[in-house]
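Reader: I am in my first year and still learning how to read a protein model. Could you take a close look at one thing for me, the charged side chains that meet one another, and tell me slowly where they sit?

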Amino acid sequence: MAHLASGGAPLLGEPPPIELANTSYAVRGRPRDGLQSAEHLAAWLRDLRPRLAVPLTDADLREVSESDLHAAREVRDAVRALAAAAVDGRDPDPAAVEALNRHAGRTPRWHELRTAPEPHLAVCTAGRPVAAAIAALAEEAVVLFAGPLRHELRACHGPGCVLHFVRDTTRREWCSAGCGNRARAARHYAKVRQG
């Protein structure tokens, strides 16, 4: 079930790069931007925090900058362009590929073994955590578009919807139950008017 992040972007339970792409969405057919400000990006990152490859603290989220917002929007736009190409069966836009690759390599991160209080994995970065999280989203998008999931990407068929999703069943046509209900209602009203 979709819900809106504090930044105004729908969260559908999709892979994080697709969630980022879906921060550009529509309400009643009107385009919306869920990343209008650094505060919106911080809210979106906070809401997606359990699914991010780089752990972010509340202090990290208070440090989200305009530069982070610019980077997140560039990654989002590249993912949207690549998703649209995958859905339409077109070759990927070289500029989108270049942007995604550039962002994926921006902030090095690695895993370290920590032993206290018990052995566990820690994600470490050579840069600011928010920048590393955005770079990780770009890297996850690289993996998505280079792997078999790209064949399961779909554009929602809901009236006025511009979101993408990864199809998890062969019959899925919509990003959410709400879009499915609107599509069925539109078909019903169209039949009633014709009859």
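The answer below goes from one group of charged residues to the next, with the strands and loops that carry them.

Author: Before we start, please keep in mind that this is a predicted model, in which local features need pLDDT of at least 70 and side-chain atom pairs count only at pLDDT 80 or more, while totals for chains, interfaces and linings use all residues. Residues are numbered from 1 along each chain as its sequence is written, and side-chain values use heavy atoms, with hydrogens and water left out.

A search of the whole structure finds 15 salt bridges, the term standing for a side-chain nitrogen of Lys or Arg within 4 Å of a carboxyl oxygen of Asp or Glu. I would begin with a group of four, since D33, R73, R76 and D77 are linked in a network of salt bridges. Within this group, D33 has its place in strand β4; strands (E, at least two residues) and helices (H or I, at least four) are DSSP runs, numbered from the N terminus. The side chain of D33 also makes a polar contact of 2.7 Å with that of R76, where a polar contact is a pair of N or O atoms within 3.5 Å; within protein, one must be able to donate a hydrogen and the other to accept it, and residues adjacent in sequence count only if both atoms are side-chain atoms. If its neighbours within four places in sequence are left aside, D33 is in contact with T23, Y25, R73 and R76, contact being heavy atoms within 4.5 Å. D33 counts as partly exposed because its relative accessibility is 24%, and on this scale buried is under 20% relative accessible area, exposed is over 50% and partly exposed lies in between (1.4 Å probe, protein chains only). For a sense of distance, the C-alpha atoms of D33 and A126 are separated by 30 Å, and the two residues are 93 residues apart along the chain.

The strand that holds D33 has a partner, for β3 (residues 24-27) and β4 (residues 30-33) pair in the antiparallel sense over four bridges; two strands are said to pair if DSSP finds at least two bridges between them. Opposite D33 in β4 stands S24. The hairpin of β3 and β4 has two residues between the strands, and R28 has its place in that loop. The phi of R28 is near 50°, a positive value in a residue other than glycine. R28 counts as exposed because its relative accessible area is 84%.

A second hairpin brings us to another charged pair. Strand β5 (residues 109-114) and strand β6 (residues 120-125) pair in the antiparallel sense over six bridges, and five residues join β5 to β6 in the hairpin. L113 stands opposite L121 in β6, while R114 forms a salt bridge with E112, with the closest N and O atoms 3.0 Å apart. R114, at a relative accessible area of 35%, is partly exposed, and E112 is partly exposed as well, with 32%. In the loop between β5 and β6 lies P117, and the peptide bond that leads from A116 to P117 is cis, with omega near 0°.

Next comes R172, where two acidic partners can be followed. The side chains of R172 and D168 meet in a salt bridge (3.5 Å, N to O), and a polar contact of 3.1 Å joins the side chains of R172 and E14. Are these two acidic partners buried or exposed? D168 is exposed, with a relative accessible area of 60%, whereas E14 counts as buried at 5% relative accessibility. E14 lies in the loop between β2 (10-11) and α1 (16-21). Apart from its neighbours within four places in sequence, E14 is in contact with E19, R51, H164, F165, V166 and R172.

One more pair completes this tour. R46 forms a salt bridge with D47, and the closest N and O atoms of the two are 3.5 Å apart. R46 is partly exposed, with a relative accessible area of 34%, and D47 counts as partly exposed at 26% relative accessibility.
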